[in-house]
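Biologist: I've got this one open on my screen and would love a close look at a single spot. Could you walk me through it, and then show me around the rest?

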Amino acid sequence: MNNLPSLDDLIELPHSTSEEFSQKGHTCIRGLATPEEIAYYRPSIERTANAGRYDHRPIDERDTYGQAFLQVHNLWQRDATCNAFVSARRFAHVAASLLGVEGVRLYHDQTLFKEPNGGYTPWHQDQAYWPLENGKTITMWMPLEEITADVGSMHFVTGSHKVGNVDAGSISDASNQKIEEWIEKNSLRQETYGPMQPGDATFHAGWTLHSAGPNPTLNERPVITVIFVADGTKITEPTPLQEFDLKIWLGGKQPGDYVGSSMNPLLYP
Ligand SMILES: O=C(O)CCC(=O)C(=O)O
């Protein structure tokens, strides 16, 4: 822990970046962490993700969601070095600036390791799973390794965060098809930021439609995401899809309460 570079300094974003996020519902910040900083944290993140793996079925025995990535949650609670990374003030301050709010709390973190020959990530909306007020959440998606053009980073539908729930349901081939049809009908623009370096990060809003391509390479695509929620956000009555999150990520708080249990620490200020 002692030699870990601190990620607690604050970076001032140009106004145009926050403006872009508010208009598009996504943005990319290159070099948010340096490759050297990532090299310090990566071994702990990978070790913790591997230790936390719960789905040990071969990839061809899993459904589309299971083939998209190996997903491990809340590394911040499993390992002190992961906690230092997830709780970094640098990241939380960027999240607050992009959302245009005073402060942010942690909703949860997760690693999303797309295995060699891993499948595509179907189009979906994160907030379909989250019983939280609209417009108050943002996800940082950061690779720990270079993402080459043949793997690619996420695809976003620009402006879709303003539309709200398109009722595509849980992540599946069905959500993918429904959203493809929706995009065609509404002719909104799709964008991707292409290859990324370790420490570059994309940010997207809770309702932004997004997807990712498959991994046709022999190398894993190690990504960590941190989901932030504006301080002062209320928990909403859950839909059936949101009941799991209400039980798991909000430390016993109930609809009508503010997010604020010890499961959701204030990360900035
Ligand atoms: O990493 C991926 O393939 C998808 C990530 C994603 O859907 C998210 O971070 O919300």
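Where is the place of Asn74: which strand and which helix lie on either side of its loop?

Modeller: Sure, with one thing to keep in mind: this is a predicted model. Asn74 sits in the loop that runs between strand S2 (70-73) and helix H4 (80-86). What makes the spot worth a look is the backbone, as phi of Asn74 is near 45°, a positive value in a residue that isn't glycine. Most residues other than glycine have a negative phi, and most peptide bonds are trans. There's a backbone oddity of the peptide-bond kind too: Tyr268 and Pro269 are joined by a cis bond, with omega at about 0°. You'll find Pro269 in the segment after strand S11 (266-268).

Now for the ligand. The space it takes is the largest pocket, and 14 residues surround the ligand, with Thr121, His124, Trp141, His210 and Arg221 the closest. Some of these put polar side-chain atoms by ligand oxygens. For Thr121 the distance from such an atom to an oxygen of the ligand is 2.7 Å, and for His124 it's 3.0 Å. His210 joins in as well, with a side-chain N or O atom 2.9 Å from an oxygen of the ligand. On its own the ligand has 290 Å² of accessible area, and the protein covers 97% of that.

Which strands feed into this shell? Strands S3 (104-114), S4 (121-124), S5 (137-143), S9 (210-212) and S10 (221-230) each supply at least two of its residues. Sorted by class, the shell has five nonpolar, six polar and three charged residues.

Last stop, the charged pairs. The count comes to eleven salt bridges, taking a side-chain nitrogen of Lys or Arg within 4 Å of a carboxyl oxygen of Asp or Glu. One of them links the side chains of Lys24 and Glu20, at 3.2 Å from N to O. Both partners lie in helix H1 (residues 15-24), and Lys24 and Glu20 are four residues apart, about one turn of the helix.

Conventions
Residues numbered from 1 in each chain as written. Predicted model: local features only at pLDDT ≥ 70, side-chain atom pairs only at ≥ 80, totals over all residues. Heavy atoms only, no water. Near = heavy atom within 4 Å. Polar contact = N/O pair within 3.5 Å; in protein donor to acceptor, adjacent residues only side chain to side chain. Areas by Shrake-Rupley, 256 points an atom, 1.4 Å probe, with all protein chains shown as cover. 1 Å grid on protein atoms, 1.4 Å probe; cavity = no way out; pocket = protein on both sides within 12 Å on 5 of 7 lines; lining within 4 Å. Sits in = over half its atoms within 2 Å of the grid points. Nonpolar A, V, L, I, M, F, W, Y, C, P; charged D, E, K, R; others polar.
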